[in-house]
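Here is a short note to read alongside the structure. The points go from the whole chain to its parts.

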Amino acid sequence: MNKSDLVKMLAKEMDLPMRKAEEIVDMVFRTMSAALVTGSRIEIRGFGSFVIKKYEGYTGRNPKTGEKIEVRTKYLPFFKTGKELRERLNG
Amino acid sequence: MTLTKADIAKKIADDCGFMKGEATEIVEKLLDIIKQRLIAGEDVMISGFGKWTVKSKHSRRGRNPQTGEELILDARKVVTWKYSPVLKKAVNSSLSK
């Protein structure tokens, strides 16, 4: 399923015009992205949570040439499946 | 700071023109649709955000790390999520400052 499938299903199930459903779906993911971009976590009961993990930078080496390489600090978002979803997957 | 379902519903109410109760119901339904697809074994991809994938794990022998006791872990399904490159870039350009 992709975003447009989700829009269609939401429109059908909630009896909303397609354009309104699209606006809502976009807003939901924009809101979630905006939270992660500021480093906030997201916690949705029964579904899951998102956190940003920080990976410290370090000086590495290219093993072939011995050349030093600066690996910069990076931030990556992670998802942890919520209890209800985890149980229903195997229910 | 933590973003919750109530915060998302409030944003939908304020920005998309719904009563709070309606917005909550819509957000619940949206999450439910995603869950249903995952439970049915289908992947869900939201461009610009990320992709949930359902993976099947084989049963395996494990150990209770506390007691050392051996046990069989049943085959099960798990959901993984991978961020979209767009989101990764946005997170890094904001937090690396």
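What share of the 97 residues of chain B count as buried? The answer is 32%. Keep in mind throughout that this is a predicted model.

1. **Make-up of chain B.** Chain B has three helices and six strands. From the N terminus on, they follow the order β-α-α-β-β-β-β-β-α. The radius of gyration is 19 Å, well over the 13 Å that the globule rule gives for 97 residues, so chain B is more spread out than a compact globule. Along the principal axes, its C-alpha atoms fill a box of roughly 55 × 40 × 30 Å. Take the contacts in chain B between residues at least 6 apart in sequence: 31% of these join residues at least 24 apart.

2. **Helix α1 of chain B: length.** This helix covers residues 5-16. Twelve residues at 1.5 Å each should span 16 Å, and the end C-alpha atoms of α1(B) are 16 Å apart, which agrees. After the helix comes B:G17, with a positive phi near 75 degrees.

3. **Helix α1 of chain B: its buried face.** Which residues of α1(B) are buried? They are B:I8, B:A9, B:I12, B:A13 and B:C16. Seen down the axis, these buried residues fall within an arc of 140 degrees, so they line one face of α1(B). The spacing fits a general rule. An α-helix has 3.6 residues a turn, so residues three or four places apart point the same way. Both chains help to cover the buried residues of α1(B). The cover includes α2 (18-37) and β1 (41-44) from chain A, and β1 (2-4) and α2 (20-39) from chain B.

4. **A sheet with strands from both chains.** Four strands make an open sheet, in the order β5(A)-β2(A)-β1(A)-β1(B). The pairing is mixed. At the edges stand β5 of chain A and β1 of chain B; each has a single partner strand, so one side of each is left without a neighbour in the sheet. On average, and with direction ignored, neighbouring strands of this sheet are turned by 25 degrees against each other. Helix α1(B) packs on this sheet and touches β1 of chain A and β1 of chain B. The direction of α1(B) makes about 65 degrees with that of β1(B).

5. **Inside that sheet: β2(A) and β5(A).** These two strands pair in the antiparallel sense over eight bridges. One example is A:K53, which stands opposite A:L76 in β5(A). A:Y55 also lies in β2 of chain A. Is A:Y55 buried, partly exposed or exposed? Its relative accessible area is 33%, so A:Y55 is partly exposed. Neighbours within four places in sequence aside, A:Y55 is in contact with A:R72, A:T73, A:K74, A:L76 and A:F78. A:M14 is 41 residues from A:Y55 along the chain, and their C-alpha atoms are separated by 41 Å.

6. **A sheet within chain B.** Three strands form an open sheet in the order β2-β3-β6 of chain B, with antiparallel pairing. The edge strands are β2 (44-46) and β6 (76-83), each pairing on one side only. From one strand to the next, the twist averages 20 degrees.

7. **The pairs in that sheet.** How many bridges link β2(B) and β3(B)? There are three, in the antiparallel sense. B:I46 stands opposite B:G50, and B:M45 has B:K51 as its bridge partner. The two strands form a hairpin with three residues between them. In the turn, B:G48 has a positive phi of about 90 degrees. β3(B) and β6(B) pair in the antiparallel sense over eight bridges. In that pair, B:K51 stands opposite B:K82.

8. **Helix α3 of chain B.** This helix covers residues 85-95, and its buried residues are B:L87, B:V91 and B:N92. They cover an arc of only 125 degrees around the axis, which puts them on the same side of α3(B). On the other side, B:P85, B:V86 and B:K89 are exposed. Again, both chains supply cover for the buried residues of α3(B): it includes α2, β2 (48-55) and β5 (74-81) of chain A, together with β6 of chain B.

Methods: Residues are numbered from 1 along each chain as its sequence is written. Chains are lettered from A and ligands numbered from 1 in the order in which they are written. This is a predicted model: local features need pLDDT of at least 70, side-chain atom pairs count only at pLDDT 80 or more; totals for chains, interfaces and linings use all residues. Side-chain values use heavy atoms; hydrogens and water are left out. Two strands pair if DSSP finds at least two bridges between them. Axes are lines fitted to C-alpha atoms, for helices over the stretch in contact, and angles run from 0 to 180 degrees between N-to-C directions. The expected span of a helix is 1.5 Å times one less than its number of residues. Buried means under 20% relative accessible area, exposed over 50%, partly exposed in between (1.4 Å probe, protein chains only). The arc is that of the directions from the helix axis to the C-beta atoms. Contact means heavy atoms within 4.5 Å. The radius of gyration is taken over C-alpha atoms; the globule rule is 2.2 Å times the number of residues to the power 0.38.
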